Amino acid sequence: MTSQTTIDSTGPGDGASAPSGPAPAKGLRGHPWFTLITVAVGVMMVALDGTIVAIANPAIKDDLKASFADVQWITNGYFLALAVSLITAGKLGDRFGHRQTFLIGVVGFAVASGLIGMSGSIALVVAFRVLQGLFGALLMPAALGLLRATFPAEKLNMAIGIWGMVIGASTAGGPILGGVLVEHVSWQSVFFINVPVGVLAVVLGALILLDHRAENAPRSFDLPGIALLSGAMFCLVWGIIKAPPSEWGWGDGRTWAFLGASLVGFALFTFWETKVKEPLIPLGLFRSLSLSAGVVLMVLMAIAFMGGLFFVTFYLQNVHGMGPVDAGLHLLPLTGMMIVGSPLAGAMITKLGPRIPLAGGMAVTALAMWGMSTLKEDTGSGVMSLWFALLGLGLAPVMVGATEVIVGNAPMELSGVAGGLQQAAMQIGGSLGTAVLGAVMVSKVDSDLAGNWADAGLPPLSPEQAAQASEAIQAGAAPVPPGTPPEIAAKITDVAHDTFISGMSLASLVAAGVAVVAVFVAFLTKRGENAQAGAGAAHI
């Protein structure tokens, strides 16, 4: 029997994947629920930074005189670093222990956050965001690996539910906290706040976390595999990021050169993994249809969620004229439903299995994204809250269920790699969502701007003026030159807002379509077959 077959067929009673090492210590160290609290504090930083920056983007853009493309790179650079290094980081945890990699990730992430806050140029902000992403990649799979090794099977879904609640609440709550900090302190404080949180996570980790390693954990590194996978992932995400019309464009040969290079890289990686003794990703993992479906589902969910949320913050601030705090508070229904829904989803998945909750969650997400496509300049807070609440309700079971499907269908010795797969899928989806929906937005704005401008009776724009106006409108801002008469300024503002909303509506419909596809993918999932009891079962 090959090693891949062994991985695929390992069941709950197979001792090959049982954790080894000393028996769980009594007291704080190694206690499952205290372990969950500890990793939640660290994971909260990474999840927050995925969206907290969105609310700060307008302030960063103005303060550092950055372009709209520069602002996108603040997000894309972070996602790129995470996506490229997550699986390798998960392997590091499997090899050297998840406790060590978690603590190193927390320290590095906090230091990088402080450096961003001290940066005085957009180039430095982007550079340190990349560094932030690299350390975040160490932290996230290690957190899942620690939970998998600590909790018994019957409690794992609930633990992942609470873990998903923290990620969901942090992801959705980022704009609220960011709004308070940007409005009352500065955009730099959005990053400085990670420093004390990081210190707390390190102290808790040193006192509580207990390292667990499977008996057959990897003993060597697949360096060629790491190089091939990292190169393929980089080319894929880079090609996606550069594909929007504001960069190279989808028709540019360079875009397709990188995407083609990624396909070649993945093909070479797949071939190499069949030859090496200890592969980076044993390909037998993907013989589990449920695990593969969970990875695809995480990508599709992130496309709809991250891509859609990117434009909502500009809609609230620049179209509705809200301050950062007010904009964040309008997203509170999204946050609240994710906080309430995640642990409930964990309990539901334990009882029913993941298939129905996942399919239902993506159906509700599709409905919410359709509802967001109907938002107008004069849409009231009640209607907006309804669609935001539905989005949170739909996302909660997907965050929890897809994670359990991926991690629970992998053997214990590959829990870090499985956690890396889960997070890499989410980051690739986030980058893809921002790039594809951003391209939809740009295309729609460029298509509608000239006609809307002429219909308003405004003087024609030169090609250079049209390009500048389009860039401003993509962020929901009105390109009103200084000294413009009030009646002309009002017309320009109306045109800008109408054009932006038409682009956001189309992007939301595309996101809804992605969510509908995800409904069908969800029916391919099933409960994790390898969620053995963790080493900390005696504490429960």
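# A walk through a predicted helical model

Leaving aside residues up to four places away in sequence, Q423 is in contact with L86, M140, W163 and I167, where contact means heavy atoms within 4.5 Å. The place of Q423 is in helix α16, which covers residues 415–455; helices (DSSP runs of H or I, at least four residues) and strands (runs of E, at least two) are numbered from the N terminus. With a relative accessible area of 1%, Q423 is buried, a class that means under 20% relative accessible area, while exposed means over 50% and partly exposed lies in between, for a 1.4 Å probe and protein chains only. The C-alpha atoms of Q423 and P141 are separated by 7.2 Å, although these residues are 282 residues apart along the chain.

The structure is a predicted model, in which local features need pLDDT of at least 70 and side-chain atom pairs count only at pLDDT 80 or more, whereas totals for chains, interfaces and linings use all residues. Residues are numbered from 1 along each chain as its sequence is written, and side-chain values use heavy atoms, with hydrogens and water left out.

For the protein as a whole, there are 18 helices and two strands, and buried residues make up 59% of the 540 residues. Among contacts with a separation of 6 or more, 86% are accounted for by residues 24 or more positions apart. The protein exposes about 18900 Å², of which carbon and sulfur atoms supply 70%; accessible areas come from the Shrake-Rupley method with a 1.4 Å probe, and for residues only the protein chains shown count as cover.

Helix α16 can be followed further along the chain, to a pair of charged side chains. K444 and D448 meet there in a salt bridge, at 3.4 Å from N to O, a salt bridge being a side-chain nitrogen of Lys or Arg within 4 Å of a carboxyl oxygen of Asp or Glu. Because K444 and D448 are four residues apart in helix α16, they are separated by about one helical turn. The two partners fall into separate accessibility classes, since K444 is partly exposed at a relative accessible area of 26%, whereas D448 is buried at 18%. In general, side chains of opposite charge can pair when their charged atoms come close. A search of the whole structure finds two salt bridges; in another pairing, D252 forms a salt bridge with R254, with the closest N and O atoms 3.1 Å apart, and R254 is partly exposed, with a relative accessible area of 44%.

D455 is also found in helix α16, and this residue is exposed, with a relative accessible area of 69%. The C-alpha atoms of D455 and V495, which are 40 residues apart along the chain, are separated by 9.1 Å.

From here the path leads to helix α18, which spans residues 486–522 and holds D494. D494 is partly exposed, with a relative accessible area of 41%, and gathers with E377, D378 and D498 in a patch of negative charge on the surface. Patches are made of residues with over 30% relative accessible area and no salt bridge, like charges being joined within 9 Å and nonpolar side chains (Val, Leu, Ile, Met, Phe, Trp, Tyr) within 5 Å. For this purpose Lys and Arg count as positive and Asp and Glu as negative, while His and the chain ends are not counted; the place of a charge is taken as NZ of Lys, CZ of Arg, CG of Asp or CD of Glu.

A nonpolar patch on the surface is formed by L367, W370, L506, L509 and V510, which together have about 410 Å² of accessible area. The elements that give two or more residues to this nonpolar patch are α14 and α18, and α18 gives the most, with three residues. L367 lies in helix α14 and is partly exposed, with a relative accessible area of 42%.

S373 has its place in the loop between α14 (355–372) and α15 (381–408). With a relative accessible area of 9%, S373 is buried, and, not counting residues up to four places away in sequence, S373 touches S505, S508 and L509. L509 thus appears twice in this account, as a residue that S373 touches and as a member of the nonpolar patch.
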